[in-house]
Structures are given as structure tokens and as C-alpha cells.
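Here are a few short exercises to work through with the model open in your viewer. Try each one before reading its solution.

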Amino acid sequence: MQYDRSAAAVTGVRTQPERPRLLDEVRRRLRMKHYSLRTEQAYLYWIRRYIQANGRRHPREMGGAEVERFLSDLARKGRVAPSTQNQALSALLFLYREVLAQELPWMENVVRAKRAPRLPVVLSRAETTALLRHLCGREALMAALLYGSGLRLMECLRLRVKDVEGIDTSAMQNFTELHLKPETLAHYGLPDIPYPIPVTELKPALLDSGDLPLAAMLHGLQQRSRDGKAAWQQVEPAMDRLSELLAPDDARDVISAAGDHWWLEVGPVDLGGKLVTIQRGDALIAAITARDDGRLRVAVFRPLDAKSAEYLIALGQAPHPEHGVCMRENNWEYALDCSAGNGNYYAADRGEAYLSYWEKGLGISWDGSDVLEWRKQLDLVARPAARVVAELGVYYTLSGNEDEEPVDDAGPTEDIETPASPAWRRKRQQKRTVRGRFLGCLLGGAVGDALGAPVEFMKRTEILRRFGPNGITQYAPAYGGLGKITDDTQMTLFTAEGLIRAWVRGCFKGSTTYTGVTAHAYLRWLQTQGERPTCDINFGTDEPGWLFQQRQLHSRRAPGNTCLSALRAMNHLGEPARNDSKGCGGVMRVAPVGLFAWRLRQHESPQDAFRLGTELAALTHGHPTGALTGGVLAVLVLALTDGASLPEALAAAKSVLRAEPGHEETLRAIEMAEELTDSGLAHEEAIAQLGQGWIAEEALAISIYCALVARNFKQGVILAVNHDGDSDSTGAIVGNLLGAMHGVKAIPAEWLAPLELRDVITELAEDLYAFKDWVIGEHSDNEELNRRIWRKYPGF
């Protein structure tokens with residue numbers, strides 16, 4: 001067929017593009033979300049099978065019943081493994097949610113695939129050695145890599161030249177050298193050497209307080225000294241001094257070092273017994289021995305370079321209840337296997353740290369003869385445990401491993417997906433810092449709510465006349481006491497509870513809907529206000545959950561009429577409100593969405609957080625502004641929890657907001673708040689220009705302004721409650737923002753002590769931080785934990 005260019009030019013007719021075929025659209029959506037090729041192939045395969053199993057009907061014409069039948073047939077007739085059935089379910093959920101934009105109903109009656117009992121067969125060391133001897137060439141190299149390094153097959157096949165080096169070629173790429181003045185070196189007791197430090201860490205660290213970024217300096221030396229060609233012994237005095245400066249004041253001989261998924265006991269070790277050692281050249285770095293429970297105790301004799309720290313963290317990984325540690329019975333057995341890998345010979349040849357095994361004690365070879373250069377080291381004294389813990393903590397945190405999820409070898413066989421980078425510069429944070437942000441966000445919101453409660457319906461002039469020229473700065477009587485919360489905090493707590501219960505449902509049932517389960521939580525809140533929806537929805541009174549049983553929540557605290565009427569009129573869980581309201585009752589309760597999204601940040605983008613925040617606000621407020629402001633607050637909290645500055649968080653939120661229809665009103669209010677921060681106006685005048693906070697965009701704009709201009713948490717919340725209008729809602733939102741930004745320690749103690757339901761809010765914040773680490777569900781062997789979590793957060 002020939003193409004007539006002139007004919008095409010003459011006609012000038014623009015034809016409508018053909019609607020993409022279903023599987024092409026699925027493929028496009030998968031690639032847009034950066035799913036791996038293997039995931040794409042698997043999802044397309046299951047979608048084709050689903051269509052064929054239902055007489056080639058279009059999925060849009062089918063729904064939950066057909067999905068239930070298809071998944072049940074896989075278990076009953078196909079006798080597939082649980083992981084295979086879960087993969088099919090994931091493919092169909094993606095099809096309906098992401099491609100067809102349809103929510104599937106809850107599927108209670110799916111027949112679940114049974115896990116067959118299986119005892120893994122593991123080759124002995126002698127059998128492995130015999131197998132390797134029979135291989136040659138490329139296959140021998142690949143097998144040795146797989147056995148010696150623990151690589152998976154696809155990881156080995158995808159190795160590139162730049163990966164097979166003694167040091168990660170990108171590890172030191174963005175470092176700069178810090179040269180300290182003589183007086184600074186003397187003040188800290190540091191040797192005069194250049195200190196490598198990430199460029200991104202240097203300026204913020206110095207601007208914060210003028211103190212040296214000691215942790216970043218130690219991490220830079222750890223990375224630099226891992227290379228076999230590095231003069232690692234020359235930087236050891238500096239590393240030891242930095243770890244001394246960073247170590248806690250703890251003189252105990254035995255201290256635990258731990259991360260999210262690993263644990264070690266640091267303390268004295270008998271060098272005359274069975275040992276796995278970390279060595280470098282003829283130097284002993286660390287000695288490892290077994291505890292009675294199979295976990296590890298380690299004594300460290302020299303500062304830990306990056307590779308030595310990696311060894312210890314990997315060997316100390318938490319055992320799986322079924323598969324142990326990488327299919328070994330316990331950590332000690334895993335350490336023995338790792339010490340026998342051929343990779344240790346290659347590492348030793350390169351001059352790097354490597355593992356070795358001394359069956360009869362340090363310096364005694366397998367035949368009982370002495371190895372003199374090692375026997376001389378029997379008198380070595382281990383370094384203080386606190387310094388070792390500090391070194392492991394610095395490496396673990398600043399290498400980006402904190403909160404990293406382990407790869408489950410028993411799960412579906414799909415590649416790990418790398419999430420898209422957020423719009424802000426991610427800040428590496430210690431676990432306790434992030435936990436403090438979670439607590440600060442929820443407790444801060446409750447504190448702002450309680451401070452604004454007594455003046456919610458007062459003019460600013462009335463507030464000043466009653467409380468003095470500074471306005472209200474301490475709790476005043478409201479609802480029969482001091483520090484009493486209002487409906488704002490009540491609904492925020494039920495938002496957090498709903499999100500956790502939706503997660504629990506997914507673990508036990510295999511599918512979930514965050515909007516539907518959280519809508520059910522809001523109906524439980526409605527019941528605490530003495531009301532019920534007009535439709536017949538089961539409240540699950542036999543399993544109400546922990547939060548509903550808190551009697552102090554069963555109190556009416558000026559609930560918004562829109563929230564009450566919308567929930568009363570709800571016919572189906574998760575359906576948007578049928579009104580045109582843009583009151584602030586939608587935005588004031590969605591801060592937990594940002595925290596929840598941070599915990600799922602490997603799978604949830606800012607766009608996902610925005611969408612969920614918008615959907616939850618839309619359950620009661622039908623106007624676009626009433627819903628979109630909820631999405632904005634969710635992204636702000638997500639970014640602040642991730643370490644972004646408030647301007648960075650605002651830029652990210654506005655970027656997502658601009659893509660939404662009907663965004664103009666919300667965007668205009670946010671930009672006005674930003675402009676007023678530089679206007680030079682008195683704060684009360686600037687806030688008055690933004691409005692009174694009764695409607696969503698005004699409440700959000702006032703809160704953003706107060707958070708931007710505040711010197712600290714206390715000033716920001718006081719500014720937010722001393723104005724004409726909805727003082728408790730603006731106080732709550734500012735408290736959420738500043739609490740996520742500065743952490744719980746920034747909240748004044750005199751505000752926290754009398755706060756109503758403080759312990760309940762704290763426990764809910766802790767659970768919102770910890771839920772992703774709960775090993776629960778139908779495939780969990782921990783029945784006691786399953787029962788306890790389901791009793792506290794039933795999945796409906």
C-alpha cells in the first residue's frame with residue numbers, strides 16, 4: 001500500500017484516533033507506573049485467562065462475581081499455589097482500578113488456595129563443592145557468584161561490568177571533601193585528614209546550628225575505606241574518634257544493635273571457641289559467635305568500614321518463621337555458610353574485608369596447627385559496645401536502608417519495582433525521628449484543636465477582650481474541662497483507624513478498599529454522635545474494634561452539619577457525598593493519609609496520597625474544593641514526614657493539584673497564603689485577608705500561612721486559633737503540619753499533659769507507624785498476633 005502525501009495534505013480532514021484496545025491500555029498503564037517487564041507479562045497473562053474463562057466478555061461487563069468465581073476455580077480446579085492466586089488477584093485489581101476505573105466490591109467468598117507442606121532440600125558443602133568442580137567457563141563463574149554472594153539468578157544474569165568492582169562506582173560520586181581548620185580539629189579531637197561528605201548533606205548541616213555533621217563524616221569514611229585499594233588503616237583513628245563522639249553515654253559491656261529487620265548483640269566474645277570472623281589482610285575486624293538461641297553476638301576490634309558493616313547487618317537479619325535465615329536454620333548456620341563462599345577468596349585478593357571460619361579458635365587451623373600471625377591477636381581488646389552500635393547505626397541509616405522492606409522469597413516471582421522519586425529532596429532520617437513526626441502530627445493536631453475549641457465561635461476582638469492582648473495561649477474550659485478535643489480530632493482518629501483496618505483487611509482477605517473501609521470508620525464515628533445512617537449497613541457490633549470502645553469518644557463536640565447529613569445519607573460504603581459543600585470538615589481530618597502514604601512510600605506516590613486524601617474528603621463534601629484541599633493536606637504531611645521543607649512540600653502539592661479539574665480556587669488560596677508571608681502585614685491582618693476558615697480553602701490557606709511564618713510550634717498554633725472564625729479547625733491543621741515538620745518534642749509539655757485522650761492518640765500514632773511490619777494474614781504462622789490485631793482493627 002502506498003501513502004499519497006499530497007492527498008493527505010489536500011483533504012485536511014483530522015480523523016479521530018482509534019480507542020486503544022484493552023490489553024494495549026493495560027500495557028500502557030503498567031509502563032506509565034514503571035512496573036517491571038516480568039510483572040507486565042504476568043498481568044497480561046492473567047487478564048487474558050480471565051477474559052477467556054468468561055466467554056470472551058469484556059471485563060467492563062463483569063464484576064466481583066466473575067472475579068470471585070475465576071479465583072476460586074484457580075484454587076479448586078487449577079490447584080495453584082497461594083502466591084499464584086495472589087498474583088492473579090493483583091492483576092485483576094489493577095485492571096479494574098487503574099484501567100477501567102471501577103472499584104470491585106468486597107469478595108468474601110473466594111476459595112483460597114492451600115499452601116502445600118514443603119521441606120526444602122539443601123545441598124551440603126561437599127555436594128556444592130563437587131557440583132562446582134564439574135562446571136567450567138561462564139557457567140562455573142555464574143554458579144560461584146550465586147553460591148558465594150547470595151545473588152538471585154536474574155540478579156546474576158543482569159550484572160554489568162560496573163557492578164563487578166571492589167567498590168560501588170557511584171557510592172562516592174556525590175561526595176565532597178571537608179577540610180577542617182586547626183582550631184576545629186582541636187576542639188573535636190580529630191586528626192587532620194580530608195573528610196568525605198555528601199554534597200547534599202553539607203550545607204543544611206552547617207546552616208542548622210554550625211555544628212559539624214559528624215554522622216555524615218563517619219559515613220563518608222566508611223564508604224571510602226571499603227575499597228581494597230584505599231589506605232583504610234590511615235583513616236581508622238578518625239573513624240574511631242567520630243564514633244566516640246556519636247556514641248551514647250553507655251558503658252555497658254553488652255548492648256543490642258538493631259534495625260527494622262536485623263538484630264545483633266554487641267559484647268565480649270571468647271576468641272578460643274568456634275568463630276566466624278571478619279578479616280582484612282592480617283587484621284581482625286570482628287569476631288562472631290553463636291548465642292544459645294542461634295542469634296549472633298559480635299565483638300569488634302577495629303572501626304567498621306562499609307563492607308564490614310554490611311556483613312554484620314546481613315548476618316543479623318531477622319529469621320523468617322518458616323524459612324529461617326535464607327533457608328538456614330538460624331543466623332549462626334547462615335554465617336557458617338557465608339564464611340564458606342568462594343566470594344571471600346576474591347574479596348581477600350582485592351584487599352577488602354572478608355569472612356573466615358575458625359572451628360577450633362582464632363589462629364588454629366583445621367589440622368590443629370598454629371597460625372602465628374593470628375594467634376598473636378588473641379589478646380586483642382574489643383572496642384566499647386556503644387561505639388560499635390553507633391557505627392552500625394550510622395551506616396544503616398545513611399546508606400538508605402532504614403525501613404527498607406525485605407524481599408520475601410516465597411512471594412510472587414516478580415521484580416522489585418523502584419518507586420518514582422518524589423518532587424522534594426528526600427532526607428535520610430533515623431527511625432526515632434520519623435516516629436517522632438508521626439506522634440507530632442497526630443498529637444499536634446489534637447493540641448491545636450483543643451486550644452481553639454473554647455474560642456471556635458468567637459470574634460478576634462472577643463478573644464482579646466477575654467484572654468488579654470496576646471489572645472488565648474493556654475487551654476480554657478470547653479466541653480466540661482481543659483484540653484478537650486472536638487469533632488476535628490475525633491474524625492482524624494477514625495480516619496487513621498479506617499486506614500489501618502483497610503490494610504488489615506488486605507492482609508487477611510487478599511483485597512481491600514481504603515475508601516470503603518474508612519467510610520465504615522466514619523459511620524462508627526457517626527454512631528458515637530448518637531446517630532445512624534438511613535441505609536442498613538452492618539456496624540459489626542460483635543467486633544467493634546478498639547477505638548470505638550474508647551468511651552470518651554462517645555461525646556458530641558459540635559460536629560459539622562455537612563458531615564452528619566452526608567454520612568446519614570450514605571447508601572453504599574465509599575460513595576461520594578451528594579451535596580455541593582466545601583466546608584472545612586473534609587480537609588481537617590485527612591492528615592493520617594499523609595502518614596499512611598509515607599509508610600507505604602515504596603508503593604504510593606504523592607499522586608496516590610493526593611487521590612486518597614481527595615476521595616476521603618469527598619465522602620462528606622461534594623464540591624471540588626472541599627475534596628481537593630484534602631488531597632493537598634495529604635501530600636503536605638507526606639512530604640514533611642519525609643524530611644521536606646514546607647516550601648518544598650507546597651511545591652509538590654501544587655504540582656499535583658494543577659492536574660485536577662476545578663483546582664483554581666484551591667490553588668489561588670494557597671498562593672495567596674504564600675504571598676502574604678512576604679507582604680510585611682501584621683499577622684492578624686494577613687489572616688483576615690485569607691478568610692475565617694469555615695470553608696475548606698480558607699482553613700487550608702490560614703493554616704499554611706501560620707506554618708510558614710511561625711518560629712516554632714507554639715507560635716504557629718497560637719496564631720492559628722486567635723482569629724475570627726473556625727479556630728479549632730485551623731489550629732488542628734497547623735498542629736498537624738508543624739507536628740510532622742518538627743516532631744513531638746516541639747509540642748509544649750504544658751499542652752500535652754492535660755490533653756484529652758492523649759494515650760489513645762499516642763497509641764494510634766504508634767500503630768500507624770508500625771502497621772506495615774506486622775506479619776499477619778492467612779499465611780502468617782503467628783496465630784496469637786493474628787487474633788490480637790484482628791480484635792483491635794477488624795478488617796471491615
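Before starting: helices here are DSSP runs of H or I with at least four residues, numbered from the N terminus. Keep in mind that this is a predicted model.

**Exercise 1.** Find which helices each supply at least two residues of the lining of the largest cavity.

*Solution.* Start with the cavities: the structure holds four of 30 Å³ or more, and the largest has about 40 Å³ of space. Next, list its lining: Leu442, Gly445, Ala446, Asp488, Thr489, Thr492, Met588, Ala732 and Asn736. Now map these onto helices: H18 (431-452), H20 (487-509) and H31 each give at least two. By class, you get four nonpolar, four polar and one charged residues.

**Exercise 2.** Stay with helix H20 and work out whether the salt-bridge partners Glu497 and Arg501 are buried or exposed.

*Solution.* First, the pairing: their side chains meet at 2.9 Å, N to O. Both sit in H20, four residues apart, about one turn of the helix. An α-helix has 3.6 residues a turn, so residues three or four places apart point the same way. Then apply the cut-off, under 20% relative accessible area for buried. Glu497 comes out at 0%, so it's buried, and Arg501 is buried at 0% too.

**Exercise 3.** Now try Arg387 and Glu244: which helices does this salt bridge link?

*Solution.* The closest N and O atoms are 3.7 Å apart. Arg387 is in helix H17 and Glu244 in helix H12, 143 residues apart, which links distant parts of the chain. Arg387 counts as buried at 19%, while Glu244 is partly exposed at 35%. Both belong to a salt-bridge network that also includes Asp240, Arg241, Arg383 and Glu391.

Key
Residues numbered from 1 in each chain as written. Predicted model: local features only at pLDDT ≥ 70, side-chain atom pairs only at ≥ 80, totals over all residues. Heavy atoms only, no water. 1 Å grid on protein atoms, 1.4 Å probe; cavity = no way out; pocket = protein on both sides within 12 Å on 5 of 7 lines; lining within 4 Å. Points joined across faces, edges and corners; volume = space filled by probe spheres on them. Nonpolar A, V, L, I, M, F, W, Y, C, P; charged D, E, K, R; others polar. Salt bridge = Lys/Arg side-chain N within 4 Å of Asp/Glu carboxyl O. Buried < 20%, exposed > 50% of the residue type's maximum accessible area, 1.4 Å probe, protein only.
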